[in-house]
Amino acid sequence: MTASDPVLRVRDLKVHFPITSGILARRQVGTVKAVDGVSFTVNRGETLGLVGESGCGKSTTGLAVLRMLDITSGTVEFEGEDITGYDRGRMRPIRRRMQMVYQDPYGSLNPRMKVADIVGEPLVVHGLATDRDKYRARVADLLRMVGLLPDMAERYPHEFSGGQRQRIGIARALALDATLLICDEPVSALDVSIQAQVVNLFMELQERLGLTYIFIAHDLSVVRHISDRIAVMYLGRIVEIATRDQLYKDPLHPYTKALLAAVPIADPELEAARGQQIISGEIPSALRPPPGCRFHTRCPVAMAVCKSIDPPMRDMPDGRAVACHLHGG
Ligand code: SF4
């Protein structure tokens, strides 16, 4: 990882969806603030874990970065280029270097296509499959790269296990020499025994190809092994961003502590030291986020100030950032 070489810079990103009502004259009756002021940087060769409960805006953030969703405000800079206002046409060359790996290896692969065509399709779409032999050789290389055999190219997705299908999805994402992969819960649908194999594959590929990852997950157990830094999201905002060691050894935000309390730790000393703050209650609606600190309705250590004043993100002396009145208020 090179600390001074950002691949991606996201500044104050907002993705809001209007809610309308009425059949004839549709009028806006509200706004879902799915992502509401998110800033982060991902450096070359780094993995940023993006973690939070379902509905916190982590997948929406990934889709907005890829420009697959409209951005309400804020900026997205990829390899030094501001792509915030790019349309499909201008995103086309960028998309070669920025790819998504999806959660569901069953739903994301076309069941009627052979593996060779699934993996090679991006080459065809981008006009890079002009020579049949070179195309076949590239597909064979990609399959080998993800631990599959080249002769599997003639089979269909249903002939593979969940882990193998996710490998096919990864091969497809790598077909165009991507530098940034946005991996949206890429192992959540897999058996626990297979998850580690696929996470290890991601790490091997990162080392070999110098890839940069955003690794999205709903809990902190999956991202621990692979992430250099982790951003914890709650209701459309990042509430803490820290290195892996800082976050797992000494979480600052009460929400991070609660998420961590839900993850079993093998080390009994750490297990005893971390304290148990199991989170309770439902995540509030992004249509009407609570005033003040958005987490105050579930926070076990909320104070009076938390109900009225929104805590800003503050940089801590050790380099992390946290949004909580208990830290630097
Ligand atoms: Fe809890 Fe208050 Fe910190 Fe929010 S600002 S996380 S409610 S202590």
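The exercises below, each with a worked solution, concern a predicted model.

Residues are numbered from 1 along each chain as its sequence is written, and side-chain values use heavy atoms, with hydrogens and water left out. In this predicted model, local features need pLDDT of at least 70 and side-chain atom pairs count only at pLDDT 80 or more, while totals for chains, interfaces and linings use all residues.

**Exercise 1. Determine where the ligand sits and describe its surroundings.**

*Solution.*

Step 1. Fix the terms. On a 1 Å grid over the protein atoms alone, a cavity is a set of points where a 1.4 Å probe fits but cannot get out, and a pocket is an open set with protein on both sides within 12 Å along at least five of seven lines; lining residues have an atom within 4 Å of a point. Grid points are joined across faces, edges and corners, and a volume is the space filled by probe spheres set on the points.

Step 2. Locate the ligand. The structure holds one cavity of 30 Å³ or more. The ligand sits in the largest cavity (more than half of its atoms lie within 2 Å of the grid points), where the space amounts to about 90 Å³.

Step 3. Identify the neighbours. There are 13 residues around the ligand, and Cys293, Cys299, Cys306, Cys324 and His325 come nearest (near: a heavy atom within 4 Å). The lining of the largest cavity comprises 14 residues, with Pro254, Cys293, Cys299, Cys306 and Cys324 nearest its centre.

Step 4. Classify them. Ala, Val, Leu, Ile, Met, Phe, Trp, Tyr, Cys and Pro count as nonpolar, Asp, Glu, Lys and Arg as charged, and the others, Gly among them, as polar. The shell around the ligand then has 10 nonpolar, three polar and no charged residues; the cavity lining has 11 nonpolar, three polar and no charged.

**Exercise 2. Characterise the largest pocket by volume and lining.**

*Solution.*

Step 1. The volume of the largest pocket is about 730 Å³.

Step 2. Of its 27 lining residues, Met68, Arg95, Gln99, Tyr102 and Arg172 lie nearest the centre. Two or more lining residues are given by each of helix H2 (88-95), strand E6 (98-101), helix H3 (115-125) and helix H5 (162-174). Helices (H or I, at least four residues) and strands (E, at least two) are DSSP runs, numbered from the N terminus. H2 provides the largest share, five residues.

Step 3. By class, the pocket lining has 13 nonpolar, six polar and eight charged residues.

**Exercise 3. Is Ile214 buried or exposed, and which residues does it touch?**

*Solution.*

Step 1. Ile214 belongs to strand E8 (residues 212-217).

Step 2. Ile214 is buried because its relative accessible area is 2% (buried is under 20%, exposed over 50%, partly exposed in between; 1.4 Å probe, protein chains only).

Step 3. Not counting residues up to four places away in sequence, Ile214 touches Leu8, Phe40, Val42, Leu48, Leu50, Leu180, Leu181, Ile182 and Cys183 (contact: heavy atoms within 4.5 Å).

**Exercise 4. Describe the positive phi values of Glu79 and Leu235, and the setting of each residue.**

*Solution.*

Step 1. Most residues other than glycine have a negative phi.

Step 2. Glu79 has a positive phi, near 45°. Glu79 lies in the loop between strand E4 (73-78) and strand E5 (81-82), and is partly exposed at 26% relative accessible area.

Step 3. Leu235 has a positive phi near 50°. The loop between strand E9 (229-234) and strand E10 (237-243) contains Leu235, which counts as buried at 2% relative accessibility.
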